[in-house]
Structure formats: structure tokens, C-alpha cells
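Biologist: I have a new model on my screen, and I would like to learn how to read it. Could you take me through it step by step?

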Amino acid sequence: METPRDDQDLAGLGLHPDSVGMLEGLVTTRAIRRYADEPVPTHVLRDIMFAATRAPSGSNRQPFRFLVLTDGEKAREAKRLVAEGARKVWGHKRGNDGYDDGSGADLSSPKARMARTMQEYVDNLERVPALVLGCLVRYRDPNPNEGASVYPAVQNVLLAARALGYGGVLTGFHAFVDKELKQLLGIPPEVFIAASITLGRPQGSHGPVRRVPMGELVYGDTWGDAAGFAVDPPGTRHTSRI
Ligand SMILES: Cc1cc2nc3c(=O)[nH]c(=O)nc-3n(C[C@H](O)[C@H](O)[C@H](O)COP(=O)(O)O)c2cc1C
């Protein structure tokens, strides 16, 4: 059931007011893989996708397109296909990357917790409240820069979801069922499906994302030398790279 629209207006744009400031939202948009069993209301989808379609692209060509899959017959079938792809990918990754070996054998380790989260995610993927396919309409041969005109829009989906109390993850699970999805959804052959994004109301909560220390990623005028200002705010917690 749809919740009534809030009368408040965001900056006169007719959007819902966001629940966090922009910078706070940017640094707290985590990958959310567990969702409450409730649909994403269409007015929320409207605002999220409006934000997505405001993204920049080369020469403002706006080559991004989105399919928003919720609970129609084809949407359910598409979710099932992507879920099938996800289980294949995760099954291989779990074995190949040794998620159950070494520290992963300790069920309380971060590795084992990640494995549990991923397993639960892929096991329930066909039931995600919304699945958004972010696509790029190609106007020339595939080239290494083309993603630059679709991934900003994809990230806007996640940021706008965060702003409105929702969450999601960018995944590559569609790649394993690309042909079947295109056939099912009428996606032309020249279109590149760039991302499958699951969305819903988070079961857990967002919080500060963790990365390596900023100085390892932001240099001054010499490659590898941290910029003088590249100092994490006090209390920043880190995580390692794989
Ligand atoms: C290009 C790209 C591909 C990704 N593919 C997947 C995927 O297939 N499955 C998945 O569960 N998460 C996927 N992710 C999400 C990442 O795992 C996640 O962004 C990363 O672990 C950081 O998570 P955090 O922001 O919660 O710290 C992908 C992210 C990116 C940017």
C-alpha cells in the first residue's frame, strides 16, 4: 500500500524531502543486501529514478535507460533469472575465493559473516522488492569509456534510495542471463545492460562505509604520495582491500 505523499517539497522540485544531508548520504551509502518484506512505493521509485535520470553523460547524450522491475509477471520472471545467475556466480566465488577456508572457518569472522550475508542475499534474490536494470544505449562500438555515461546514473539510484530511507546494491549478476533477459524484456541487442540493482527498505541500517585510509587513495603531485590534506576525519574506521 502506498504511503501518502508528504506535503513538504524539496527545493521546490516536487520531490520527497531527503532524510540525510548530501555529504552524510555520500559517506553512508552502504551495499544493502537485506530488505524488509514490503514493496518500494511507486512515488518513491519515481523520485529515485528521477534522480537517476539527472545524471551527467558525455555530451549530455543521455544514453542511459532503466527497467524498473517490481511485481508484474515479466518482472517476476526477470528477477528469477537474475537470481539464478546470482546463485551460480556466488557458488563459484564462494569456492574459488576460499570463503569457507582459513579465517572463514571461524563463523564469527568477517569472512564467514560476509559469506552468510551473500548466501542469504542470493537465496532470496527473486523476492527483492525492486530490481532495476541500468542500461546503456550504444551509439558506437563498445569502448572502455562507455561506462562513464551510465554508472553515474546507477550511483544516483543508490544515493537517492539512501536519501529516502531505502537501500540497494549494484550487481553484475545479470551478465550471466543477459540473452534471456533481453529476450524477455524486449531489450534491443545493441543495448548494454550495465548493472542490476536490487532495492528495498533496509532490514539493517546504513552507516559509515569503510575503506582504506584516504592517504592510500588520494595523492598530491606524485603518484603514491598522499596529499597533505588526505587525512581521514577523526574516528574513521577502515577496512582492507581484497
Ligand atoms: C562494479 C561493481 C560490481 C559489483 N558487483 C556486485 C555483485 O555482483 N554482487 C554483489 O553482491 N555486490 C556487488 N557489488 C557491490 C560491492 O560488493 C560493494 O559496493 C562493495 O563491497 C562495498 O560495499 P560497502 O559500500 O557496503 O562497503 C558491486 C559493486 C561494483 C561497484
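Modeller: We will go through domains, salt bridges and surface patches in turn. Keep in mind that this is a predicted model.

Biologist: Let me begin with the overall layout. Which domains is the chain divided into?

Modeller: A domain assignment splits a chain into parts by residue number. Here domain 1 covers 22-209 and domain 2 covers 210-242. Taken over C-alpha atoms, the centres of domain 1 and domain 2 are separated by 27 Å.

Biologist: And how do I compare distance in sequence with distance in space?

Modeller: Pick two residues and look at both numbers. Glu 120 and Gly 228 are 108 residues apart in sequence, and their C-alpha atoms are 42 Å apart in space. You will find Glu 120 in helix α4, residues 110-123.

Biologist: Is Glu 120 buried, exposed or something in between?

Modeller: For that we use relative accessible area: under 20% is buried, over 50% is exposed, and partly exposed is in between. Glu 120 has 36%, so this residue is partly exposed.

Biologist: Now salt bridges. How many does the structure hold?

Modeller: There are 10 salt bridges. To recognise one, look for a side-chain nitrogen of Lys or Arg within 4 Å of a carboxyl oxygen of Asp or Glu. A good one to start with is Arg 80 with Glu 84, at 2.8 Å from N to O.

Biologist: Where do Arg 80 and Glu 84 lie?

Modeller: Both are in helix α3, residues 73-96, and they are 4 residues apart, about one turn of the helix. Arg 80 is partly exposed at 33% relative accessibility, and Glu 84 is partly exposed too, at 32%.

Biologist: What about a salt bridge that reaches out of helix α3?

Modeller: Try Arg 87 and Glu 126, whose closest N and O atoms are 3.0 Å apart. This pair links distant parts of the chain: Arg 87 is in helix α3, while Glu 126 is in the loop between α4 and β2 (130-137), 39 residues apart. Arg 87 has a relative accessible area of 30%, and Glu 126 has 22%, so Glu 126 counts as partly exposed. Salt bridges can also share partners, and that joins Glu 77, Arg 80 and Glu 84 into one network.

Biologist: Why does the bridge between Arg 201 and Glu 38 tie together parts far apart in sequence?

Modeller: The closest N and O atoms of Arg 201 and Glu 38 are 3.5 Å apart. Arg 201 lies in the segment after β4 (191-200) and Glu 38 in the loop between α1 and α2 (42-53), so the pair ties together parts 163 residues apart in sequence. Both ends are partly exposed: Arg 201 at 30% and Glu 38 at 32%.

Biologist: Last topic: surface patches. Which residues form the positive one?

Modeller: Arg 30, Arg 113, Arg 116, Arg 210 and Arg 237 form a positive patch on the surface. One of them, Arg 116, lies in helix α4 and is partly exposed, with a relative accessible area of 41%.

Biologist: Which residues form the nonpolar patch?

Modeller: That patch is made of Met 22, Leu 23, Leu 26 and Val 27, which together have about 440 Å² of accessible area. Leu 23 sits in helix α1, residues 22-27. Its relative accessibility is 62%, so Leu 23 counts as exposed.

Biologist: Thank you, now I know where to look!

Definitions and conventions
Residues numbered from 1 in each chain as written. Predicted model: local features only at pLDDT ≥ 70, side-chain atom pairs only at ≥ 80, totals over all residues. Heavy atoms only, no water. Patch = residues over 30% accessible without salt bridge, like charges linked within 9 Å, V, L, I, M, F, W, Y side chains within 5 Å. Areas by Shrake-Rupley, 256 points an atom, 1.4 Å probe, with all protein chains shown as cover. Helix = DSSP H or I, 4+ residues; strand = E, 2+ residues; numbered from the N terminus. Buried < 20%, exposed > 50% of the residue type's maximum accessible area, 1.4 Å probe, protein only. Lys, Arg positive; Asp, Glu negative; His and termini not counted. Charge placed at Lys NZ, Arg CZ, Asp CG, Glu CD. Domains from an automatic or database assignment.
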